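Got the viewer open? Here is a short walk through the model, with one selection at a time.

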Amino acid sequence: MATASLGADRVHVADGNIGPADSALSPWPPTMRWRGLSSRYVEEICLKGQAEGIVLPNVIKHNQHVFVADARTDPLFRSVADLVVSEGFRSWMGLPVCTGGTRRGTLCLYWNNIITYREDLVLRAQELADILGKHLPRYSSEPSDAPPPPA
């Protein structure tokens with residue numbers, strides 16, 4: 001749905017927390033699924049996010065979406081600029097995945113081209129995030145060899 005309906009070229013969904021909120025916890029959320037991103041990118045962004053508190057902790061801290069028109073030049077992505085270039089995306093949006101008022105995880109969308117901020121796109125992406133919020137608990141309790149949820 002993220003790629004077909006929202007036009008995203010890549011998508012990443014994680015339940016739980018990614019960030020330096022509690023250094024005793026693993027930086028890896030219990031369940032992550034992605035489409036179109038390299039494993040290297042996902043590993044690096046999680047590790048750098050844990051160490052440096054970049055990007056996703058902003059979504060988590062404020063529990064609202066963050067939109068970046070050009071990740072290659074935006075200060076939020078400065079410390080991972082090499083990863084952005086190697087993955088080939090330009091625009092990025094991160095959204096909280098919630099059930100009711102409880103944040104369950106994050107949804108990240110990536111576009112190869114620079115796109116402009118559009119309220120209708122944010123609303124449709126948040127609808128997807130809300131749908132995912134209803135289903136993430138089911139996926140996080142499945143064994144690790146379970147098929148990934150549709151992205």
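**First stop: the aromatic rings**

Select Phe77 and Trp92 to begin: phenylalanine 77 is buried, and tryptophan 92 is buried too. Keep in mind as you click around that this is a predicted model.

Now widen the selection to Tyr41, Phe77, Phe89, Trp92 and Tyr110, which ring pairs link into a cluster. Across the structure, the count of aromatic pairs comes to 6.

Next, pick Phe67 and Tyr117. How are these two rings, phenylalanine 67 and tyrosine 117, arranged? Their centres sit 5.5 Å apart with the planes at 75°, and since an angle over 60 degrees counts as edge-to-face, that is the label for this pair. Phenylalanine 67 belongs to strand β3 (residues 66-68), while tyrosine 117 is in the loop between β5 (102-111) and α4 (119-140), so the pair ties together parts that are 50 residues apart in sequence. Switch on a surface and look at Tyr117: with 40% relative accessibility, tyrosine 117 counts as partly exposed.

Back to Phe77 and Trp92 for their geometry. The ring centres of phenylalanine 77 and tryptophan 92 are 5.3 Å apart and the planes meet at 70°, so this pair is edge-to-face. It also links distant parts of the chain: phenylalanine 77 is in the loop between β3 and α3 (81-87), tryptophan 92 is in strand β4 (residues 91-99), and they are 15 residues apart.

**Second stop: the charged pairs**

Hide the rings and bring up the charged side chains. Side chains of opposite charge can pair when their charged atoms come close. The structure holds 3 salt bridges.

Start with Asp70 and Arg90, where the side chains of aspartate 70 and arginine 90 form a salt bridge at 2.8 Å, N to O. This pair links distant parts of the chain, with aspartate 70 in the loop between β3 and α3, arginine 90 in the loop between α3 and β4, and their positions 20 residues apart. Is each partner buried or partly exposed? Aspartate 70 is buried, with a relative accessible area of 14%, whereas arginine 90 counts as partly exposed at 22%. The split makes sense because buried means under 20% relative accessible area.

Then jump to Asp120. Its side chain meets that of arginine 118 in a salt bridge of 3.2 Å, N to O. Aspartate 120 also forms a salt bridge with arginine 124, and there the closest N and O atoms are 3.7 Å apart. Aspartate 120 and arginine 124 both lie in helix α4, 4 residues apart, which is about one turn of the helix. Shared partners join Arg118, Asp120 and Arg124 into one salt-bridge network. For the surface view, aspartate 120 is partly exposed at 39% relative accessible area, arginine 118 counts as partly exposed at 35%, and arginine 124 is partly exposed at 31%.

**Last stop: zoom out**

Switch to cartoon for the whole chain. You should find 4 helices and 5 strands, running β-β-α-α-β-α-β-β-α from the N terminus on. Of the 151 residues in the protein chain, 46% are buried. Turn on contacts, too: among those with a separation of 6 or more, 61% involve residues 24 or more positions apart. Finish on the surface, where the protein chain exposes about 7,600 Å², with carbon and sulfur atoms supplying 53% of it.

Methods. Residues numbered from 1 in each chain as written. Predicted model: local features only at pLDDT ≥ 70, side-chain atom pairs only at ≥ 80, totals over all residues. Heavy atoms only, no water. Phe/Tyr/Trp six-rings, centres within 6.5 Å; stacked < 30°, edge-to-face > 60°. Helix = DSSP H or I, 4+ residues; strand = E, 2+ residues; numbered from the N terminus. Buried < 20%, exposed > 50% of the residue type's maximum accessible area, 1.4 Å probe, protein only. Salt bridge = Lys/Arg side-chain N within 4 Å of Asp/Glu carboxyl O. Contact = heavy atoms within 4.5 Å. Areas by Shrake-Rupley, 256 points an atom, 1.4 Å probe, with all protein chains shown as cover.
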